[in-house]
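Student: I would like to go through the terms used for this structure. Please justify each label as we go.

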Amino acid sequence: MPTTPGPIPHHVAIIMDGNGRWAKQRGLPRIEGHRRGVETVRNMIDATKAMGVRYLTLYAFSVENWKRPPAEVGALMGLLEYFLKREIAALVRDKIRLRTIGRTHELPEAVRRQLDAAVAATAHFTDYTLVLALNYGSRTEVVDAARAYAAALAAGTIQADDTSWESFARHLNTADLPDPDLVIRTSGEYRVSNFLLLQAAYAEFVFTPVLWPDFRPAELAAAVEAYGKRERRFGQTSEQLNKPDAPR
Ligand code: IPE
Ligand code: IPE
Ligand code: MG
């Protein structure tokens, strides 16, 4: 893998897109693209870990993806179950903590069983966290958080005067996760498709035309290199960031 100069993002989040088109270009069924996509997932875990990234979030299934043909949804669930079963030993060996975001309780039972086992077996690892976004959508996440927040207000565990972004964010799925620094979307689409809308408020975005099954460590390194050249200003001026003693 090429060396990557510059700062390494603490948290990389990826919208893994283009499996279907990859398969179509080869005259293969869409599921074959998803199968190849699973191999890219494996490679990206290794590649991000080797770079020093601490959190990798992968958008694997959106709340909107249930609208796909039932055969494709079923095949995706089968692949997820297969991936978890196959990877659990490697996750433990490599000291990778597995986490999920999304309404995972609505996933098929066989998938939930594998997920629960993998999450439990890796819960004590601290150096690297793989977050799978499964049956995830920002809008449902916000609705769920708002409901929990309203309940906490009604119960008096939060006072109306103390409402803040920080106290609200503690009710999101990502409560104990840092915000993503870099969001990558493959396949040449320029949209966020309901992914981490609030958490990516100050993320840097990299869009690449490469389809997910073709995404390699070199493409990851290029995205991280582009990230390293950005100036993250968080509302301040460039002068303030470059001259720490300038008036603030
Ligand atoms: C991404 O690839 C995988 C999932 C959304 C589950 P797609 O299946 O969306 O591939 P395209 O966009 O049809 O090429
Ligand atoms: C986004 O990809 C969801 C995942 C990568 C899981 P989609 O392919 O579902 O997004 P749209 O429908 O093209 O926006
Ligand atoms: Mg797509």
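Tutor: α1 (19-25) and α2 (30-51) each give at least two residues to the shell around ligand 1. The model is predicted, so local features need pLDDT of at least 70 and side-chain atom pairs pLDDT 80 or more, while totals for chains, interfaces and linings use all residues. Residues are numbered from 1 along each chain as its sequence is written, and side-chain values use heavy atoms, without hydrogens and water.

Student: What makes α1 and α2 helices?

Tutor: Helices are DSSP runs of H or I with at least four residues, numbered from the N terminus. The largest share of the shell, three residues, comes from α1.

Student: Which residues surround ligand 1?

Tutor: Among them are Asp17, Gly18, Arg21, Arg30 and His34. A residue counts as near if one of its heavy atoms lies within 4 Å of the molecule.

Student: Why is the pair between Arg21 and ligand 1 called a polar contact?

Tutor: A polar contact is a pair of N or O atoms within 3.5 Å. An N or O atom in the Arg21 side chain is 2.7 Å from an oxygen atom of ligand 1, so the pair qualifies. For the side chain of Arg30, the distance to an oxygen atom of ligand 1 is 2.8 Å, and for a backbone N or O atom of Gly18 it is 3.4 Å.

Student: How do you know how much of ligand 1 is covered?

Tutor: Accessible areas come from the Shrake-Rupley method with a 1.4 Å probe. Ligand 1 has 380 Å² on its own, and the protein covers 86% of that.

Methods: Chains lettered and ligands numbered in written order. Polar contact = N/O pair within 3.5 Å; in protein donor to acceptor, adjacent residues only side chain to side chain.
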